[in-house]
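Notebook open, structure loaded. I'll start with the overall make-up and then go down to single residues.

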Amino acid sequence: MILSPETILFLMAAALMAGCIDAMAGGGGLITLPALMAAGIPPVPAVATNKLQSSFGTFGACIAYARKGHMDLATYWKPVAAAFVGSVGGAWLLQRVDPSILAGLMPALLIAIAAYFTFSPKVSEIDRHQRVGIVALSLLIGVVGFYDGFFGPGAGAFYTTIFLALGGLGLVRATAQTKAANFASNVAGLATMVAGGHVLWIAGLAMAVGSITGGQIGSHLAMRFGSRLIRPLLIVMSLALTAKMLLDPKNPIHVYLFG
């Protein structure tokens with residue numbers, strides 16, 4: 001599939017914004033995946049290409065958090081490994097379902113994620129008591145990893161919520177561990193999609209440039225200010241882009257749902 005230079009630039013800009021948001025709060029896929037769909041890319045290649053660009057962005061964010069001492073892989077390697085395994089399963093299943101099922105599922109998931117951001121409670125910057133053991137935490141992270149491999153948008157926010165609510169971590173440390181889990185699930189999903197031949201390499205690598213830049217900006221902003229200001233933007237963007245997918249007669253989502 002050949003994309004115009006204007007479309008590539010649009011996707012790069014979307015990836016830069018998404019990388020910044022994803023490093024701060026998670027949910028950058030709420031921007032990049034609908035942007036890929038809006039460019040006319042079918043659902044499965046869109047998810048695959050999104051994995052490529054987001055792998056670069058999350059890796060850059062991991063480096064930034066690790067350099068500041070916020071990442072603790074010695075303690076949380078099991079949840080990271082669970083995210084990897086879960087993502088392989090999700091990406092494997094994605095390549096074996098009817099694309100029309102996925103097309104119908106995407107708007108519903110985006111709306112559900114917007115509702116999550118709207119009604120989820122505020123988070124703390126201070127570590128608290130861990131409510132579940134590392135095995136239970138790993139299982140939950142593995143479930144999100146499966147979702148990330150199958151679909152993706154909002155997975156970072158779900159990872160963060162688990163580390164916050166059940167892992168007892170403060171906002172910055174939870175976000176740091178989220179980046180490690182997110183990188184693992186992105187790489188696992190990407191490898192599975194590459195094996196299936198679904199990745200659009202030119203679009204994905206171009207977006208990776210924006211994603212890396214945005215990830216560096218967002219991770220430094222998150223470590224300094226936190227992520228509370230980004231929630232309204234995530235809500236507005238997810239609802240607006242869902243509406244665009246549903247209403248644009250040239251978009252594959254509209255075609256699959258309405259013919």
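**Overall make-up.** I counted the secondary structure first: eleven helices and zero strands. Read from the N terminus, the elements go α-α-α-α-α-α-α-α-α-α-α. I'm keeping in mind that this is a predicted model.

**Burial and surface.** I looked up burial for the chain, and 54% of its 259 residues count as buried. The accessible surface comes to about 11,000 Å², and 73% of that belongs to carbon and sulfur atoms. I also checked contacts with a sequence separation of 6 or more: 83% of them join residues 24 or more positions apart.

**A helix pair.** How do α6 and α7 pack? I get an angle of about 175° between helix α6 (residues 134–150) and helix α7 (residues 155–165), with the axes 9 Å apart. Angles over 145 degrees count as roughly antiparallel, so α6 is roughly antiparallel to α7. On the α6 side I listed Leu-137, Leu-140, Ile-141, Val-144, Gly-145, Tyr-147 and Asp-148 as making the contact. The α7 side uses Ala-155, Phe-158, Tyr-159, Ile-162 and Phe-163. By class, I noted ten nonpolar residues, one polar and one charged in this contact.

**The cores.** Next I pulled up the largest nonpolar core, which has 43 residues. Which members touch the most others? They are Leu-11, Ile-141, Tyr-159, Phe-163 and Met-193. I then traced which helices feed this core: α1 (5–25), α2 (29–38), α3 (43–67), α4 (73–94), α6, α7, α8 (171–196) and α9 (201–225) each supply at least two residues. The most comes from α1, with six residues. Apart from this core I found another one, of eleven residues, including Cys-20, Met-24, Val-80 and Ala-184.

**Ile-141.** This residue is on the list for the α6 contact with α7 and on the list for the largest core, so to speak a double entry. Leaving out residues up to four places away in sequence, I have Ile-141 touching Pro-79, Ala-83, Tyr-159, Ile-162, Phe-163 and Ala-181.

**Leu-190.** I picked this one in helix α8. Is Leu-190 buried or exposed? Its relative accessibility is 14%, and buried means under 20%, so Leu-190 counts as buried. Setting aside neighbours within four places in sequence, I found Leu-190 in contact with Ala-48, Lys-51, Leu-52, Ser-55 and Val-199. I also looked up its distance to Ser-87: the two are 103 residues apart in sequence, and C-alpha to C-alpha they are 9.1 Å apart in space.

Key. Residues numbered from 1 in each chain as written. Predicted model: local features only at pLDDT ≥ 70, side-chain atom pairs only at ≥ 80, totals over all residues. Heavy atoms only, no water. Axes fitted to C-alpha atoms, helices over the stretch in contact; angles between N-to-C directions. Helix = DSSP H or I, 4+ residues; strand = E, 2+ residues; numbered from the N terminus. Parallel < 35°, antiparallel > 145°, perpendicular 65-115°, else oblique. Contact = heavy atoms within 4.5 Å. Nonpolar A, V, L, I, M, F, W, Y, C, P; charged D, E, K, R; others polar. Core = buried A, V, L, I, M, F, W, Y, C linked by side-chain atoms within 4.5 Å. Buried < 20%, exposed > 50% of the residue type's maximum accessible area, 1.4 Å probe, protein only. Areas by Shrake-Rupley, 256 points an atom, 1.4 Å probe, with all protein chains shown as cover.
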